[in-house]
Amino acid sequence: MVEFRMPSLGADMEAGTLVEWLVKPGDQVKRGDVVAVVETQKGAIEIEVFETGRIEQILVDLNSKVPVGTPLARIRTELERKAGVALAPAAPPASVAEAPPGVLPAAPRPSRPASMAPPIATLPSVAGRARVSPAARRLAETHGVDLATVTGSGPSGAIVRADVERRLTAAPASAEKKRPTGLNLDAMRTAIAAAMARSKREIPHYYLEHQVDVTSCEQWLTRTNALRPPGGRLLMAALAAKSVAVAARRFTLFNGFYHDDKYEPASAVHLGIAIAIRGGGLAAPALHDVDQMPLDELMTRMRDLVQRMRAGRIRSSEMSNSTITVSSLGERGVDALHGVIYPPQVALIGFGKVVARPWVIDGAIGPRSIVTITLAADHRVSDGHAGALFLAEIGKLLQEPEKL
Amino acid sequence: MTAPAAMIELTYRDAIREAIRDVLRRDKNVFLMGEDVGRYGGCYAVTKGLLAEFGPERIRDTPLSESGFTGAGIGAAMAGMRPIVELMTVNFSLLALDQILNTAATVRHMSGNQFGVPLVIRMATGAGRQLAAQHSHSLEGWYAHIPGIKVLAPATVEDARGMLWTALQDPDPVLIFENVMLYNMTGRLAADAGAVDIDKAVVRRTGRDISLITYGGSLWKTLEAAAALAAEDVDAEVIDLRSLRPIDDATIMTSVRKTRRAVIVDEGWRSGSLSAEICTRIIEQAFWELDVPIGRVCSEEVPIPYPRHLEIAAIPQVPKIVAAAKIALGRA
Amino acid sequence: MTAVTDKPRLSRAHALDLLKQMIRIRRFEDKCAELYTQEKIRGFLHLYDGEEAVAVGVIPVLEQRDRIVATYREHGQALVRGVPMTAALAEMYGKQQGCSRGRGGSMHLFDRATNFYGGNAIVGGGLPLSIGLALADHMRGDDIVTACFFGEGAVAEGEFHESLNLAALWGLPVLFVCENNLYAMGTALAISESETDIQRKAACYRIASEAVDGMDVVAIEAAARHAVRAVRESGKPYFLECRTYRLRAHSMFDAQLYRDKAEVEAWRHKEPIVRFKGWLEANHMIHPDDLARIEAEIEAEIAEAVAFAEGGTWEPVEQLTRFAYADEAA
């Protein structure tokens, strides 16, 4: 039994209306006989059958408009096997990429999207030459945004308007007061209040503590700094920041953003450094790619950041896009801090004061420098097991400061 | 150290004639056909004297049958000859457009690479002689739209002399557009000047401040504009495209990257012209280098008028090029 | 003028061959129609039903070295010329095993091996091309004839006149074969030509011409022998008008509003296969076994061609921009 289907008669024929049957069930037909008339946009066209046999059943009513390929009738053929292509809905040979009837044969799926145009070679950017779209440039100019500190999200890392907009909304104080630089502490406090409240409201925090022996860090710092001028000396804070950043690279559940019920790990580690500001402010400006930053550079930048922050000379562009934050209150004298995560981040590492404590090493008790580090993490993204490993990793990294 | 070749001075017309003479001598399969190329000596006197030298089989006068003899050139090329079809001007080439587009440009592709069309078609183009609307077109930009052919615009005596041989060696159809205003132009050429490439643009004048991109008849106006700009302390770089299909993107972008400003000079009508294509390529490939919008100097949106002052106003001129450059430089 | 040598030697073998060639084309076209309704063949499809005698009568008279230019209704010419049925059908499927690598489709069958220069979708577009091919041969003094097939619709195009003029003027070895099937798509000859006796137009260009019954394969062969010999010997063009009829519509998607069904039926009774078969039977030159054998052989060949086309492969999309220029084709 084979099916006689609505034929395609033209490249732009999608459907046809059967207006006349010239045969009825029981009639014998042979290949080439005209069996029906189809009305198309071009007029009535007689359609022929390509099978020889007997009409068994008419499947479609008169005056119904049916798409090309619709079975119209069933024919019982006399031959067991038809040479060539069968009209029956037989599965096409597996080796051939067949298209379902009514559809153009599909082009083979290329391994990558086929390029219709010759490849457009964009000139590689010259080192130091930022790509900034005209629209972004204008906006930055109007609002006094320093483009040197904006990260671009456009093609090939170009700065587009949205990047500048993001910079502006991240520092509402600047935008509102229309001052190109400088901070408004009242506005900042309000913003902090809102952020902290939201954090505690939305983020299910869990906390872990870990005591880390940083004696080797101190020893290494002493040795290293002995050879340096005061201005070039390294502080524990740099080691702390670097170890967190390096660990965060591996433990991706703690370095990223939680948005719209979804966690997105960040591709880079931009470490937020929590800094207290004279007058009661608090901010956590970001240093970019800290995991890859050499210690000296990190130290310099941290120093610079703190200095400017405390003087109120921070750039609004530095305020956003931390992927994880580290907070140190060691200088204030507390042993440990249990922080509040800055949304949309998902973790905050706290460092307490470095304290000399009795410690057991190789079975003997001796004085060691111990610091308590804490992890505040978003329980929607990670759990204690991962958090513990993360903290342990930080502790491990701090055992080999020369490798940071 | 070899002695420098002797330099000769000759017209663009002479250079083309020399080129034709040279190819006819070198390859017996080469022949030239077109209207009035033989007994008349060529509408622009390019082929003057060649009939006597090479005979009527190789310098073949045709009836006024652009489609017929262009198709004949295509067929002869497919069958192994190396014909040069001369269409008197681009204005009459429209009668042969079907053969050029639907046969010459498509045969290789349609036959799955079984047959190619190694044909050269030469035609005069451009305005400037008060020949009015039907005799003043610059349609090389249209032809540059078609995949399957190559399009050249020799603007110098050296290119007029050297592009023909290279074009004849090409296995695909090559169209050569000779601007009518260049035929009388004289230039200096090495006596042994030979074939040149047909796919690279050339920087005719290096500069720092702005890239002036042009081709064909407009080259000399652009160079003149560059000289005028230099007097005002603007250092313009002038690029002669030489090939309109393919366009030498690399040379253009290297220039724009340096100068960050571009003005394109194109004798076609502005809308949908080749200059629009070049503009878009610069935006696609060198957007971040640009400091100002790209400027264009094209023919005005009007059929080319007959009276001299109107014709002058209708097509690109030196003052307009200078003005466009100044706008780009913020000195309007 | 009509030498004895022009008369086809109608041996039984030759007669059966003529018949088989015509039936082969008919069955192939029929299969194409079927495949088209199933969307295996797409775009436009122009079938040769009723006109088989023209291709079968003319083309075997040509030599291997001769050249053929045809139209978009060229399956018949291609098959008779020797373009493999497998390659032709694969081409119509768009598969890269097609004679034009699948790039052309039904209207652009090209085959270098058989000097088959397409396949042309522009009415009249092949005429200047044929002039050029002949011009090359003429300039080199080669004994080659170019046969150019075109419909009577083409005679309205300027290119027809330009080409005839050039062929006559320059003395080019072109055999112009006009397949006058009375309709240029949907426009009847009577309402498009002031002079409907087509071969008379050739006379205006001083080209020798004749008209022949396009439904009579033997008459066509005789005329073709004469014509080809004339072209070859004189180096001048010749014009052969074959008066035939198109039994199917112009293309698949044609409601044939422009002609009467009765007219089509009338022609169906005198179409070339019916006529020749009848004549052979009346002259006892054919047995029923012959017919059965012919049909079986053709059916097998078609089945093989279908399998070949079905089993063919699509050219990778990454190769899209190849074959615009020679260097990209490498």
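This section describes the chains of a predicted model, their sheets, their cores and one contact between chains.

Chain A has eight helices and 18 strands. Of its 404 residues, 30% are buried. Among contacts in chain A between residues at least 6 apart in sequence, 62% join residues at least 24 apart. Chain B has 13 helices and 14 strands. Buried residues make up 56% of the 332 residues in chain B. Of the contacts in chain B with a separation of 6 or more, 79% are between residues 24 or more positions apart.

One open sheet in chain A is built from six strands. Their order is E9-E18-E17-E16-E12-E15, and the pairing is mixed. Strand E9 (205-213) and strand E15 (286-287) of chain A stand at the edges. Each has a single partner strand, so one side of each is left without a neighbour in the sheet. Within this sheet, strand E17 (residues 347-361) of chain A runs antiparallel to strand E18 (residues 364-378) of chain A. The two are joined by 13 bridges. In one of the pairs, Ala347(A) has Ala377(A) in E18(A) as its bridge partner. A helix also packs here. Helix H8 (residues 384-397) of chain A lies across E9 and E18 of chain A. The angle between H8(A) and E9(A) is about 25°.

Chain B holds an open sheet of seven strands. The order is E3-E2-E4-E5-E7-E6-E12, again with mixed pairing. Strand E3 (59-61) and strand E12 (243-245) of chain B are the edge strands, and each pairs on one side only. From one strand to the next, the twist averages 20°. Strand E6 (residues 150-152) and strand E7 (residues 174-179) of chain B run parallel and are joined by three bridges. Leu152(B) stands opposite Ile176(B) in E7(B). Helix H3 (residues 66-78) of chain B crosses three strands of chain B: strand E2 (30-34), strand E4 (82-89) and strand E5 (120-125). Helix H3(B) runs at about 160° to E4(B).

In chain C, strand E2 (residues 146-151) has six of its six residues buried, so this strand is largely enclosed by the rest of the structure. In a regular strand the side chains alternate between the two faces of the sheet. In E2(C), Thr146(C), Cys148(C) and Phe150(C) point one way. Ala147(C), Phe149(C) and Gly151(C) point the other way, and all of these residues are buried.

Strand E2(C) has parallel partners. Strand E1 (residues 67-69) of chain C runs parallel to E2(C), and three bridges join the two. Arg67(C) stands opposite Thr146(C) in E2(C). Strand E3 (residues 174-180) of chain C also runs parallel to E2(C), and here six bridges form the link. Thr146(C) stands opposite Val174(C) in E3(C). Thus Thr146(C) faces Arg67(C) and also Val174(C). To get from E2(C) to E3(C), the chain passes through H6(C). This β-α-β crossover is right-handed.

The buried nonpolar residues were then grouped into cores. The largest nonpolar core has 222 residues. Those with the most contacts inside this core are Leu212(B), Val263(B), Ala325(B), Leu175(C), Val177(C) and Leu240(C). Helix H1 (residues 12-37) of chain C gives the largest share of the core, 11 residues. Around Leu240(C), the contacts can be listed. Leaving aside neighbours within four places in sequence, Leu240(C) is in contact with Leu175(C), Phe176(C), Val177(C), Glu210(C), Val212(C), Ala223(C), Ala224(C) and Ala227(C). Another core, of 49 residues, lies apart from the largest one. Its members include Ile203(A), Cys217(A), Leu239(A) and Phe254(A).

Chains B and C also touch. The contact takes 32 residues from chain C and 35 residues from chain B. On the side of chain C that touches chain B, the elements giving two or more residues are helix H5 (126-140), helix H6 (158-170) and helix H12 (326-329) of chain C. H5(C) gives the most, with 10 residues. By class, this side of chain C has 16 nonpolar, 10 polar and six charged residues. Helix H6(C) therefore appears in two settings: H6(C) is the helix of the crossover between E2(C) and E3(C), and H6(C) gives residues to the contact with chain B.

Notes: Residues numbered from 1 in each chain as written. Chains lettered and ligands numbered in written order. Predicted model: local features only at pLDDT ≥ 70, side-chain atom pairs only at ≥ 80, totals over all residues. Contact = placed C-beta atoms within 7 Å. Helix = DSSP H or I, 4+ residues; strand = E, 2+ residues; numbered from the N terminus. Nonpolar A, V, L, I, M, F, W, Y, C, P; charged D, E, K, R; others polar. Pairing = 2+ DSSP bridges. Axes fitted to C-alpha atoms, helices over the stretch in contact; angles between N-to-C directions. Buried ≥ 20, exposed ≤ 12 C-beta atoms within 10 Å, placed from the backbone. Core = buried A, V, L, I, M, F, W, Y, C linked by C-beta atoms within 7 Å. Right-handed = clockwise from strand over helix to strand, strands pointing away.
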